Amino acid sequence: MKKYLLILTTLALLGGGCSKEEIPETTDGEGSVEFRTTTCSEVDSQTTRAQTSLPDNCKPSGNSFKLVVKGKEGTATAEYLAEYTTLSEYTAPFMPSGDYTATISYGDPQQEGSTAFCYQGALDFTILARKTIQKTITASLTNSVISLECGEWFKKYYSEAQFTVQTEAGNNFSFTHSSSPDTPIFVKPGSKLLLKGTAVKWNSRSSRSVSRRPAPGTKSGSTLRRRDRAASASDWTIR
């Protein structure tokens, strides 16, 4: 009988040694989240339906984004609101467990110009008690882009050219026949554009004026590209 009891005791001890206490994921308590950002700088052409990427100098750095973290409406976290002027100020503080939305943004959508690019992105996430999670937010361009590049035929026919694009907001941006598409101008989405310009033929002192309304408007995250015949064997392009 003593031997039998000894075996039972040994088995009980072995069973206890193999057991492991798991910390359950619960919705009671606090947790934290670490954010990473990516930037999508691809834009769609309204005429060619092709995508092109903006130059690297038209992308904000990750830490320069403004961050807003809000609790989900209709949930226990609905009253939560935290705003950070830049992402570099964010220190992954403890937050009540529950559902949230994080929004990052950069730029002023009311501004226009070569450095007026605007980006925004949002992501829903859930905080779990006693857990630190990692989330990546992708920001996309929210305003429209215009750039001008003259084709080879145009350059062969005209020795000089000056163009002005006027936006619906009344801003004017100048281009020449040698302008590069790598210097885009950012304008309000849906803005009407008016193109004006003059061109001088090779071996001629005469000039030709053009005035076009390229399109009734542009959508956010898009480039406008327009082609017209200014003279025989010549063209101009706004992209």
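Two strands pair if DSSP finds at least two bridges between them. I keep that at the top of the page for the β4 and β7 entry below. Also for the record: I am working on a predicted model.

**Overview**

I started with the whole chain. I count 2 helices and 18 strands. Of the 239 residues, 36% are buried. I then looked at contacts with a separation of 6 or more, and residues 24 or more positions apart account for 64% of them. The chain exposes about 14,200 Å², and carbon and sulfur atoms supply 49% of that area.

**The seven-stranded sheet**

I traced an open sheet of 7 strands next. Reading across, I get β5-β4-β7-β8-β9-β1-β6, and the pairing is mixed. Which strands stand at the edges? They are β5 and β6 (95-96), and each has a single partner strand, so one side of each has no neighbour in the sheet.

I zoomed in on β4 and β7. These two run antiparallel and are joined by 6 bridges. I picked Val68 to check the register, and its bridge partner in β7 is Thr103. Leu67, the residue before it in my list, also went on the page. Leaving out residues up to four places away in sequence, Leu67 touches Phe35, Ala82, Glu83, Tyr84, Leu87, Tyr90, Ala102, Thr103 and Ile104. Thr103 therefore turns up twice in my notes, as the bridge partner of Val68 and as a contact of Leu67.**Nonpolar cores**

Which members of the largest nonpolar core touch the most other members? I find Phe35, Leu67 and Phe125, out of 27 residues. At least two core residues come from each of β1 (30-40), β4, β5, β7 (98-106), β8 (119-127) and β9 (132-141). β9 gives the most, with 4 residues. I also found a second, separate core of 15 residues, and Cys150, Tyr158, Ala161 and Ile185 are among them.

**Thr77**

I looked up Thr77 in the loop between β4 (66-71) and β5 (81-84). Is Thr77 buried or exposed? Its relative accessibility is 4%, so Thr77 counts as buried. The Thr77 side chain makes a polar contact with the side chain of Thr75 at 3.0 Å. Leaving aside neighbours within four places in sequence, I see Thr77 in contact with Gly71, Lys72, Pro96, Ser97, Gly98, Asp99 and Tyr100. One of those, Lys72, comes back under salt bridges.

**Ser88**

Ser88 sits in the loop between β5 and β6. Its side chain makes a polar contact with the side chain of Thr86, at 2.8 Å. I also took the C-alpha to C-alpha distance from Ser88 to Phe65: 8.4 Å in space, with their positions 23 residues apart in sequence.

**The β11 and β12 hairpin**

I moved on to β11 (residues 158-167) and β12 (residues 172-176). They pair in the antiparallel sense, and I count 5 bridges. For the register here, Val165 stands opposite Phe173 in β12. Phe173 is on the covered face of β12 along with Phe175. The uncovered face carries Asn172, Ser174 and Thr176. The hairpin has 4 residues between its strands, and Gly170 takes a positive phi near 95°.

**Salt bridges**

A reminder to myself before the list: side chains of opposite charge can pair when their charged atoms come close. How many salt bridges does the count come to? I get 2.

Lys59 and Asp56 make one of them, with the closest N and O atoms 3.1 Å apart. I checked exposure for both partners. Lys59 is at 30% relative accessibility and so counts as partly exposed. Asp56 has a relative accessible area of 62%, which makes it exposed.

Asp124 and Lys72 also meet through their side chains in a salt bridge, at 3.2 Å from N to O. Why did I flag this pair as a tie between parts of the chain? Asp124 is in strand β8 and Lys72 is in the loop between β4 and β5, so the pair ties together parts that are 52 residues apart in sequence. Asp124, at 47% relative accessibility, counts as partly exposed. Lys72 is partly exposed too, with a relative accessible area of 29%.

Methods: Residues are numbered from 1 along each chain as its sequence is written. This is a predicted model: local features need pLDDT of at least 70, side-chain atom pairs count only at pLDDT 80 or more; totals for chains, interfaces and linings use all residues. Side-chain values use heavy atoms; hydrogens and water are left out. Buried means under 20% relative accessible area, exposed over 50%, partly exposed in between (1.4 Å probe, protein chains only). A polar contact is a pair of N or O atoms within 3.5 Å; within protein, one must be able to donate a hydrogen and the other to accept it, and residues adjacent in sequence count only if both atoms are side-chain atoms. Contact means heavy atoms within 4.5 Å. A nonpolar core is a set of buried Ala, Val, Leu, Ile, Met, Phe, Trp, Tyr and Cys residues joined through side-chain atoms within 4.5 Å. Accessible areas come from the Shrake-Rupley method with a 1.4 Å probe; for residues, only the protein chains shown count as cover. A salt bridge is a side-chain nitrogen of Lys or Arg within 4 Å of a carboxyl oxygen of Asp or Glu.
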